[in-house]
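This briefing goes through a predicted model. It takes up one helix, then the nonpolar cores, and then an open sheet.

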Amino acid sequence: MVNKYNALILNLVSVLFLFLSIIQLSIGQGATPTADVDNSIDQCGTVFFEKKQAQAMGYFGTRQYFESWVDTKGVEMKQNAQGNRTLANEKRRLPVVVHVIHHGEAIGVGANISEAQILDQIRILNEDFQMQNPDFAANTPSEFLDVAANAGIEFVLAKQDPQGMSSSGINRVLGPKETYGLNDAALIGQLASWDPEEYINIWVLPLTPPTIGFAGFPVSNELEGLNNPSPTPETDGVTIDYNYFGSIGTAVQNSRGRTATHEMGHFFGLRHIWGDGGCEVDDYVTDTPLQSQSNNTCIVTPRFTCDSRDMVENFMDYTPDRCMSLFTEGQVERMDVILNFSPRRASLPTSRALFEPQLFDSDIELLEIVSPSVYICDYSFTPIIEVVNKGKDPVNKVRASIKANGLELETKDFDVSIAPGETLELEFDVVTLNAESTVFTAEVLLVNGFEDDDTSNNRRSVTTALPVSQTLPYAYPGHVEASGWEYINGDQGFTWTPVNLQLDNARQEAFLLNGFDYNGQGELDYLVSPVFDLSGIPNPQLSFDLAYSPFSNSAFTETLIVAVSTDCGNTFNLLTAPYNKSGATLATLGGSLNEFFPSSEQQFRKELVNLSAYAGQDNVRIAFVSINGYGNNIYLKNIAINTEETYRYQLGINEVTQPLPVVNGDQILDKLSIDNTGNLPVSSFYVSNSINGLVNESSLFNAITLDANASTSVDLANGFDPGLNEVVYQVSSPNFDQNFGAGDELTSYFIQDDSKILVPWRQDFDSGLGDWISINPENDFSSWQLNPSSGGNSSNQMVLDDMVSNNSYWLVSPEFSLAETGRAGLFFDWGGTGFSSGSQTSFSLIVSKDGGQTGQSLWEMSGEALNKDIDASDDPTLGTFVNLNDFAREEKVRLYFKVNNLNDSDALLFLDNISLYLSDDPDPVVPELNQSLVYPNPAIDNFHISFNLENYQDVKIEFFSLAGQKAYDVSFPNTLNQTYTFGKMHLGTGLFVVKITGENFMLTKKLVVY
Ligand SMILES: [Zn+2]
């Protein structure tokens, strides 16, 4: 028996492996793999399956166990003359079916590869396994010639299909996906799998890079007691990417079809030649040298590792196809053991699929009773059977009969025309059953008027019943039999069971799937509802409460699928099921090594399945399908079918609160405000930000409590590029809900720009915008515009018009440093017109001191107060003043003028003459433009010299006594509108002449200091 606690030790190794292989997979993305490049990535997925096998089978899946079995059998075989075959003379023929899994392409196009390409691959396999490949002589070094061996295997495309009909050995199947990964093996097997006792299944399809192939590793023949020998029969075979299959058609330029040779080697038990480890790890073959690692390039100079020459030419290395050439005698002996003893290998050489089917002259087979199935939706129905002409003769008359519980219902003669190999459905007259359960039997009696040559395939029967119906709205009443719930328990092991739970001092009915004790991984158990009539109900909803605490080891994980049948329960499509959760998405609380018994409502989560896709169907049944993982228990309760969308998980992104729309590159976080707009509490959801089309961060937020109508804030790493950034924020899957539309998306625009400006500064826009930035974060529409003023006033202004509802418009200064000043103040002129009564538009000044990560609103006007004439004056004392002292001593200050428009589409706003002073005086003395002012004069103790220049200038200030002697002088670079203060300590007292010299002006003044 598999023991999941012992397996824990093995799985520590396996988890590490999985982690490594995930890294390898991601490294390979974006690269275009060819068969001839040095891609030291894991192109062969077989080892992945060997590890999965170890997980699933415990000790019986380990190398240690398998290799000791191979050794024992190898010795046994050598002692037994029967096994001592002459390698060169005996050829074993093995039947192959090639399943071409395409995506709707025509034959010969894309993944739907041509027959010629398939035949080319079969030729290559046969040459490689019979030491006849054209590369052998050129590639095989003389020192390896002695050990090179002929495996004596001939691959033959199957000549008959599982039904015994003639076949080309090629099976083309339309698949649901563009590409398939290593975790899709079960899906691939479900799409197409012929009995692996009789066929080698080869699947050819698009694989997700870097994997180009994988194979099912063989198992020993001592595993009869195990519930699920792995690989499961449906997945046993070889899977190859269609770009590496054969050497022609879609095969990449350097493919010589040896991906299939390599994977087929695994299928017959060969390991990678380097043993998937270093020099201390062997491939369990004595005549292959130890190797430190895989080789990924053709090597001209022999490569030596582990004290011997690497056999890079071996098919089980990762060398490019063109430099491979051999298997060794030791490898062939190993393949012989597998072919003689391993399940699903040993039976292949005697498979009937190697031969054309032996056909009778006259043979109709009853393939299927199409109607009734196991369930009937109505007691009255039309019986239908499907027959196939397996004989050589055409058939034009069939007599068949149907019976219910042994009593004949009808015997009917059908005039038909069925060519050999063709199938046909035959319809009987409508019958009406009256028993709850009926054994329905159909039989072909005569073919062309006589009994046919093979009567063993002429009869089938089905036990059919009409399931219980229930009306809507429906709530599970807590007693199973009378209410029409049924179980499908394929393995007759543990299955769904009604239980009565004690939760928070109240008893509740529930269903339990005992995954904790259920040692049969991969088994499906169905809990099937009664029949519901959804006609006339446009938006039906299934809701139920789920509790699941996973076993603390990801190798033992349950899956729960909610599948829907529209034919009274006869067919449930699991692939298109509207609900499919496992592991972390299924868990409603943390993992545990103990068996899970719920004790509180808190451990349950409401699960929702929108059934609107089945609205209008009148024979609907719901199946809760568990895939057992031998992990832990699943509980379901409060199962209800609601006639409308009673419950809803819904999250909305309210706004991006950080950073501001213009940043300097220092920002590290995006902060989102998220609202729960549904009607259920939410404890987990995903959030992501994509920047200019690339996902930057995608994170799961869990262990949170977000009640309906509540809000929360989440952080994501910022990853903006310089310049304009289009950022798409997404929130999705509240409580792992899988219904459409439970999440939200918000696009926002940002500019990353680190332009700087000297202080003080003045921006009158008469020379354009300079490094100022205008942005509309919601849509990247046009924002603040330069407005060359018409009429008498020749100066420019900024204007904002054509505002769109619920958009914001920002005018942002370059960054500036106030590190050198203890005081700062801002003046600006603004005006507005057209704001309606009741307007909720606001105009504000936001200041950031951290490069745009956060901001603080220092001034705001809103509504009708925005209707005001612009001051339009160069005299800042007439404008609006904002004290910036809170930002003095800060190095990275930026101003954001923000208009948040709700509905004022016809309004206009103006902005002009923005001046930064290194002073907090709201009423400064300002000289005329290009002038300076000395005040007070006469002065007692202190006096000031103010400037108001058009541009930055270096100014020199000199003080002379009346006698003409210089008393003091000083120079100020980058002077614009500063006010410099002087004291008696500079000059003493008396009468002075002040000489002020700029770049384009010079003036003198008399000054008296007492
Ligand atoms: Zn491999």
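In this predicted model, helix 9 has 13 residues, which at 1.5 Å a residue should span 18 Å, and because its end C-alpha atoms are 18 Å apart, the expected and computed spans agree. The points below begin with that helix and then move to other parts of the model.

**Helix 9**
- The buried residues of helix 9 include the nonpolar Val 332, Met 335, Val 337, Ile 338 and Leu 339, and among them are also Gln 331, Arg 334 and Asp 336.
- Helix 9, residues 329-341, is one of the elements that give two or more residues to the largest nonpolar core.

**Nonpolar cores**
- The largest nonpolar core holds 46 residues, of which Phe 129, Phe 155, Ile 200, Met 264 and Phe 268 touch the most other members.
- Elements giving two or more residues to this core include strand 1 (92-102), helix 4 (115-129), strand 5 (200-205) and helix 8 (258-267).
- Leaving aside residues up to four places away in sequence, Met 264 touches Leu 125, Phe 129, Phe 155, Ile 200, Ile 202 and Val 238.
- Another core, of 33 residues, lies apart from the largest one, and its members include Leu 800, Phe 828, Val 893 and Phe 897.

**Open sheet**
- Five strands form an open sheet in the order 34-40-39-36-37, and their pairing is mixed.
- Strand 34 (662-663) and strand 37 (694-701) are the edge strands, and because each has a single partner strand, one side of each is left without a neighbour in the sheet.
- Strand 34 runs parallel to strand 40 (residues 744-752), to which two bridges join it, and Val 663 stands opposite Gln 752 in strand 40.

Definitions and conventions
Residues numbered from 1 in each chain as written. Predicted model: local features only at pLDDT ≥ 70, side-chain atom pairs only at ≥ 80, totals over all residues. Heavy atoms only, no water. Core = buried A, V, L, I, M, F, W, Y, C linked by side-chain atoms within 4.5 Å. Buried < 20%, exposed > 50% of the residue type's maximum accessible area, 1.4 Å probe, protein only. Helix = DSSP H or I, 4+ residues; strand = E, 2+ residues; numbered from the N terminus. Contact = heavy atoms within 4.5 Å. Expected span 1.5 Å × (residues − 1). Pairing = 2+ DSSP bridges.
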